[in-house]
Amino acid sequence: MRYEAPETLDAAVALLASAGEETKVLAGGTDLLVQLRTDLIAPTLVVDIKNIDETRTIAETAGGFRVGAAVSGAELAEHAKLSSVWPGVVEAVSLIGSTQIQGRASLGGNLCNGSPAADSVPAMIAAGAVANVAGPNGRREIPVEDVILAPRKLSLTPGEFVVSIQLPARPARAADAYQRFIPRTEMDIAVVGAGVSLARDEAGKITDARVSLGAVASRPLLVKDAADALIGSTLDAAALTALDAACQAACQPIDDKRGTIDFRTEVAGVLARRTAEIAYKRAGA
Amino acid sequence: MKHHIQMSLNGDPVEVLVEPSQTLLDVLRDELGLTGTKEGCGTGDCGACSVMVDNRLVCGCLVLGPEVAGKSVETIEGMAEGEVLHPLQRHFLEHAALQCGICTPGFLVAAKALLAHNPDPTETEVRYWLAGNLCRCTGYDKIIRAVMDAAAEMRQAPTARTELKDQLQHAGA
């Protein structure tokens, strides 16, 4: 196995597109090194993207925040402005693993690991985040909900990698939240995860919403029907019931040791309600 | 191809040749002979290999050796100052917060990182911060008490350790 740590996007793209190489992108390594050790993967070339400036910086832009794909969870949580503007995204990434894992784990890595249960992904989808991708044909933007196609399968083409995540600007009276269910208090993989981002008007009526669910299908879901259940309401009992039903209807989970199909489906509805209530409260604060 | 890397290790400049597939943990133990950092699971679940890289707590088993080129690495070997134990080390001994000792270096490095970040943690904060360090002997309670006591001592007398060191140096001279 070769290791390269290019300092420019072009050099990284050239390496990742090298013919005859089985390549892997290294950000924080908290999934990649485990896969290497357990022989799940055997790349001939590992490209560490952390020497590329854009992957390691949080930049406030006119359009919101551009968060480097390899910025660690600890760095995100320490960024006061980002934490206040996108509390749901930050609380989601903060749920990943231990303090040690937080020192390395990143939004880009969590996304490109391609797990349907990744904690930060439903939060990014709810936030309307976009992945900034570089590849042999230049740069392009992919909405986060379109990146994971199936477990470990991404929509990126050979040679492409995620450089940064664009989080949009936050309108007034808007907020997001993420909740997950695990059978213990810390350090486990989501049985269900729910992300909600919403905006309300001065009277408390929800004017815009996005709802995303994790670990209940072969990929993280953007649930439009669930958002429609919220929009126009003041998050009254009827809206919450409709949200619950829309989330349950969107679930196509598996039965495994973490939860049965019935359990995951019911929990998805309950978690979506709780998450919407937290986001709504934050948006009014 | 081996990588020739330079890093700061416990404050000293170090040069070492590393294989691309070697982890930082492998480099510390096998190339540099620093066996204080332990290998438990090798997959980032147990925290036995906790080290600091550029002032950030990480698992040594989840960092590739070549990644630390130009970085500052701190391990358990840098914790005591000569014969003078760090307050955390002393309180671990006083509380008998270890039995087999394999997890101890990781707990100490992680606890030191906590106290640098938060000198006055609640018990809950200590337990959450150390949730990534597993101990199969002690049941954790003595470890938590040792960390709380060390934190209290370090808050009260940040200079006591320096004075003790001066005394020891004086006595030795």
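Let me start with one pair of residues in chain B: L9(B) stands opposite V73(B) in β5(B). This is a predicted model, and I will work outwards from that pair.

Strand β5 of chain B covers residues 72-74, and 2 bridges join it to β1(B), with the two strands running parallel. On the other pairing of β1(B), the sense changes. Strand β1, residues 3-9, and strand β2, residues 12-18, pair in the antiparallel sense over 7 bridges. L9(B) appears here again, since its bridge partner in β2(B) is D12(B). The hairpin of β1(B) and β2(B) has 2 residues between the strands, and N10(B) takes a positive phi near 50 degrees there.

Now chain B as a whole. What does it contain in the way of helices and strands? The count is 6 helices and 5 strands. Read from the N terminus, the order of the elements is β-β-α-β-β-β-α-α-α-α-α. The C-alpha atoms fill a box of roughly 50 × 40 × 25 Å along the principal axes. Chain B has 173 residues, for which a compact globule would have a radius of gyration near 16 Å; the value for chain B is 17 Å, which agrees. Of those 173 residues, 43% are buried. If we take contacts in chain B between residues at least 6 apart in sequence, 60% of them join residues at least 24 apart.

Next, the helices of chain B, beginning with α2, residues 87-94. The buried residues in α2(B) include P87(B), L88(B), Q89(B), H91(B) and F92(B). Just after α2(B) comes A96(B), with a positive phi of about 50 degrees.

Helix α3 of chain B, residues 104-117, has 14 residues. From its first C-alpha to its last it reaches 20 Å, close to the 20 Å expected at 1.5 Å a residue. Is α3(B) largely enclosed or largely open? In α3(B), 12 of the 14 residues are buried, so the helix is largely enclosed by the rest of the structure. Among the buried ones are F107(B), L108(B), V109(B) and the charged-side-chain position K112(B). What do these buried residues pack against? Within chain B, they pack against β3 (50-53), β4 (56-59), α2, α4 (123-129) and α5 (141-156). They also pack against α6 of chain A, which takes us across to the other chain shortly.

Before that, one residue beyond the helix. N118(B) lies in the loop between α3 and α4 of chain B. It has 13 C-beta neighbours inside 10 Å, so N118(B) counts as partly exposed. N118(B) and A151(B) are 33 residues apart in sequence, and their C-alpha atoms are 9.2 Å apart in space.

Now the contact between the chains. It takes 20 residues from chain A and 24 residues from chain B. Which elements of chain A each supply at least two residues to the side that touches chain B? They are β1 (2-4), α2 (32-37), β3 (45-48) and α6 (99-102). By residue type, that side of chain A divides into 8 nonpolar, 7 polar and 5 charged.

Chain A itself has 11 helices and 14 strands. Its radius of gyration is 19 Å, close to the 19 Å that the globule rule gives for 285 residues, so chain A is as compact as a globular protein of that length. The C-alpha trace of chain A spans about 55 × 45 × 35 Å along its principal axes. Buried residues make up 55% of the 285. Among contacts in chain A with a separation of 6 or more, 65% are between residues 24 or more positions apart.

I will finish with a sheet in chain A. In what order do its strands lie? The sheet is open and has 5 strands, in the order β4-β5-β10-β6-β7, with antiparallel pairing. β4 (58-61) and β7 (138-143) stand at the edges, each with a single partner strand, so one side of each is left without a neighbour in the sheet. From one strand to the next, the twist averages 25 degrees.

At the β4 edge, 4 bridges join β4(A) to β5(A), residues 64-68, and the two run antiparallel. Within that pairing, I58(A) stands opposite V67(A). That is the end of the tour.

Definitions and conventions: Residues are numbered from 1 along each chain as its sequence is written. Chains are lettered from A and ligands numbered from 1 in the order in which they are written. This is a predicted model: local features need pLDDT of at least 70, side-chain atom pairs count only at pLDDT 80 or more; totals for chains, interfaces and linings use all residues. Two strands pair if DSSP finds at least two bridges between them. Axes are lines fitted to C-alpha atoms, for helices over the stretch in contact, and angles run from 0 to 180 degrees between N-to-C directions. A residue is buried if 20 or more other C-beta atoms lie within 10 Å of its own, exposed if 12 or fewer, and partly exposed in between; C-beta atoms are placed from the backbone. Two residues are in contact if their C-beta atoms, placed from the backbone, lie within 7 Å. The radius of gyration is taken over C-alpha atoms; the globule rule is 2.2 Å times the number of residues to the power 0.38. The expected span of a helix is 1.5 Å times one less than its number of residues.
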